[in-house]
Amino acid sequence: MDVPLPHLDRPFDYLVPEALDADARPGVRVKVRFAGQLVDGWLLERAESSEHPKLAYLEKVVSPVPVLSPEVARLARAVADRYAGSLADVLRLAVPPRHARAEKAVTAADAPATDAPAPDGSPASADGTAPDGVPAEAADADARPGGRAEVDPRGWRDYPAGPALLRALTDGKPARAVWSALPGEDWADRYADAVAATVAGGRGAVVVVADARDLDRLDAALTAVLGAGRHVRLTAADGPARRYRAFLTARTGEVDVVIGTRAAMFAPVRRLGLVAIWDDGDDLHAEPRAPYPHARDVLLTRAQLGDIAALVGGYARTAEAQLLVETGWAREVVADRAVVRARTPALAPTGDDPQLARDPGAASARLPSLAWTTARDALRADLPVLVQVPRRGYVPSVACADCRAPARCPHCAGPLALPSAQGTPACRWCGRVAAAYACPECGGRRLRASVTGARRTAEELGRAFPGVPVRTSGREEVLASVPGGAGLVIATPGAEPVAEGGFGAVLLLDSWALLTRADLRAGEEALRRWMAAAALARPGTAGGRVVVVADGALAPVQALLRWDSAWFAARELAERRELGFPPAVRMASVTGVAEAVADLLAGARLPGDAEVLGPVPADEGRERMLVRVPRSRAAAMAEALHAAAGQRSARKAADPVRLQVDPLTLF
């Protein structure tokens, strides 16, 4: 039942009236009477009898279309157990809300034949076979468009294990790979090759990307390789009707491939042979709704349950992906060092000793002389220049010019920001204008920029390079591409456009804003953003240069200069093992008011080797406790926390508690 109460997280038996017998098939939406109310639910299974002597009847079959497949139902249960959540919460993420107009063309007769009840009343698809016992893959092979064909591995030949990966996908083998993409690599084309190899072997694929811009690139690449109409996009940004139509298209088996943002991680693809994710370190892959699953972990769980292939790719490698390699669950697909050197742009830091000797101000200047001359030389060569800055806006953070204390809103204590050069300071939280701001520490009224945004950077560089076109790319306006010719592009991370032929220079500014964050993943995230921007530059042999305004001795900077994110990921993983942080261990965050957190943990039968850390302040008067266990005890920890949450909901505890397993943010 679609009831958000942990103690009701179990199946319930109901009688099926004769009038609903034909439509009450496994996977359909239903309405049932529970505790005097009419609630939504999912029909999971039909059975001849029940252990309960007295049962109520189903009230209604909302739609005869079985939108919940057995494979997705099994996956949803596994995800709920892994994240100490409820099945109902996961099913809300897995199946989009019904849109009646989009469903009009779909009837029970059009539903997948593998879900039709067998003569004994059981769902014929429970074991993946058609009603006559023939495997669904074989039964549908002749009806599948296209057919088995060799996929050209040319684009994967720069990676020694690449062609073998494509052959394994074509042969239907459960190959698992962690791919480190080369600079300048068209990752969308490589993913399209992998999907095409899977389809050629008679299987389907699900590919998840972080945002709409990446989705557009992958959409175009797949259309070029597979042809129009062979895949669908599944993303919440497309709107309810379009999203539900795409979902039904995949559910009924009309297409073999689904691509999308994290909304596609549960896509119901029949004959699934490959799950893939690009740039798994992007925080957009983390679902902000309970039970807060990560798209990477959902897809890997799906690969494990279905014994299918998995591909985790990116320019940078996360500690989680490195763990897959070190445990042998996946193999790394990387290029030889000679190829890496040939494809990498010339990379240089500004904070090492030779640069400080030539430019003593390089340690404190926002645009040291090396960065300025690199941009100037690229512009003189009629090549575009990309400048990456961590923050959008004009001046997103200001401080007192006299005592340097951060300027905070007198109403809500939020950070003050300047919207423009002539603008008035305003709060980024409540929006109130602070025209008469006075520093509470020293009484000063003058403000200075403590963080410079993309628009202010564009203004400064426009003055430094008069006559050169300057464009910005950020949340307000994302540039898809940059035409050839000289010009400056100021972009925030994730909004960098693609330049025709590659950028002549890439400047990575304000590195301190990324590296000094109080976050476990600060170094990993900085490297991921830098490599994504640096990958857009031309190779060094073609004049491409990248300058990072940071000390070259720092580990993330070293990994960038060597283009070796695998080394940094292994280093990060080793440090986290030593310190006891994810992914080396499993952690759960328990957040709420102090009494509620203590109540839940007191009722949780945690494993004997569990460590409880905290409490530490969270937000809005709440506190957070952390529970840490070895990876082998993760299931026991999640079960104990979910059971404790169920006990609190059963006795109607007033204060809520938020449970998150392996949250992205621990501090």
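These exercises work through helix packing, nonpolar cores and unusual backbone geometry in a predicted model.

Local features need pLDDT of at least 70, side-chain atom pairs count only at pLDDT 80 or more, and totals for chains, interfaces and linings use all residues. Residues are numbered from 1 along each chain as its sequence is written, and side-chain values use heavy atoms, without hydrogens and water.

**Exercise 1. Describe how α6 and α7 pack, and say which residues make the contact.**

Step 1. Locate the helices. α6 covers residues 187-200 and α7 covers residues 212-226. Helices are DSSP runs (H or I, at least four residues) and strands likewise (E, at least two), numbered from the N terminus.

Step 2. Read the geometry. The angle is about 50°, and the axes are 8 Å apart. Axes are lines fitted to C-alpha atoms, for helices over the stretch in contact, and angles run from 0 to 180 degrees between N-to-C directions.

Step 3. Classify the angle. Under 35 degrees is roughly parallel, over 145 roughly antiparallel, 65 to 115 roughly perpendicular, and the rest oblique. α6 and α7 are therefore oblique to each other.

Step 4. Give the hand. The crossing of α6 and α7 is right-handed (the near helix is turned clockwise from the far one by less than a right angle).

Step 5. List the contact (heavy atoms within 4.5 Å). α6 supplies Trp187, Ala188, Asp189, Tyr191, Ala192, Val195 and Ala196. α7 supplies Asp214, Arg217, Leu218, Ala221, Leu222, Val225 and Leu226.

Step 6. Sort by class. Ala, Val, Leu, Ile, Met, Phe, Trp, Tyr, Cys and Pro count as nonpolar, Asp, Glu, Lys and Arg as charged, and the others, Gly among them, as polar. The α6–α7 contact has 11 nonpolar, no polar and three charged residues.

**Exercise 2. Describe the largest nonpolar core and the surroundings of Val195.**

Step 1. Fix the term. A nonpolar core joins buried Ala, Val, Leu, Ile, Met, Phe, Trp, Tyr and Cys residues through side-chain atoms within 4.5 Å. Buried means under 20% relative accessible area, exposed over 50%, partly exposed in between (1.4 Å probe, protein chains only).

Step 2. Size it. The largest core has 70 residues. Trp179, Trp187, Tyr191, Val195, Leu311 and Leu560 have the most contacts inside it.

Step 3. Find its main source. α6 gives the largest share of this core, 10 residues.

Step 4. Look around Val195. Leaving out residues up to four places away in sequence, Val195 touches Ala205, Val207, Leu222, Leu226, Val257 and Leu274.

Step 5. Note the other core. Apart from the largest core lies another of 68 residues, including Ala80, Val90, Val206 and Leu601.

**Exercise 3. Find where the cis peptide bonds and the positive phi values lie.**

Step 1. Recall the background. Most residues other than glycine have a negative phi, and most peptide bonds are trans.

Step 2. Take the cis bonds. Alanine 290 to proline 291 is cis, with omega near 5°. Proline 291 sits in the loop between β8 (272-278) and α9 (295-306). Proline 582 to proline 583 is also cis, with omega near 5°. Proline 583 sits in the loop between α18 (565-579) and β23 (585-592).

Step 3. Take arginine 271. Its phi is positive, about 55°. Arginine 271 lies in the loop between β7 (257-260) and β8. At 10% relative accessibility, arginine 271 counts as buried.

Step 4. Take tryptophan 563. Its phi is positive, about 50°. Tryptophan 563 lies in the loop between α17 (555-562) and α18. With a relative accessible area of 5%, tryptophan 563 is buried.
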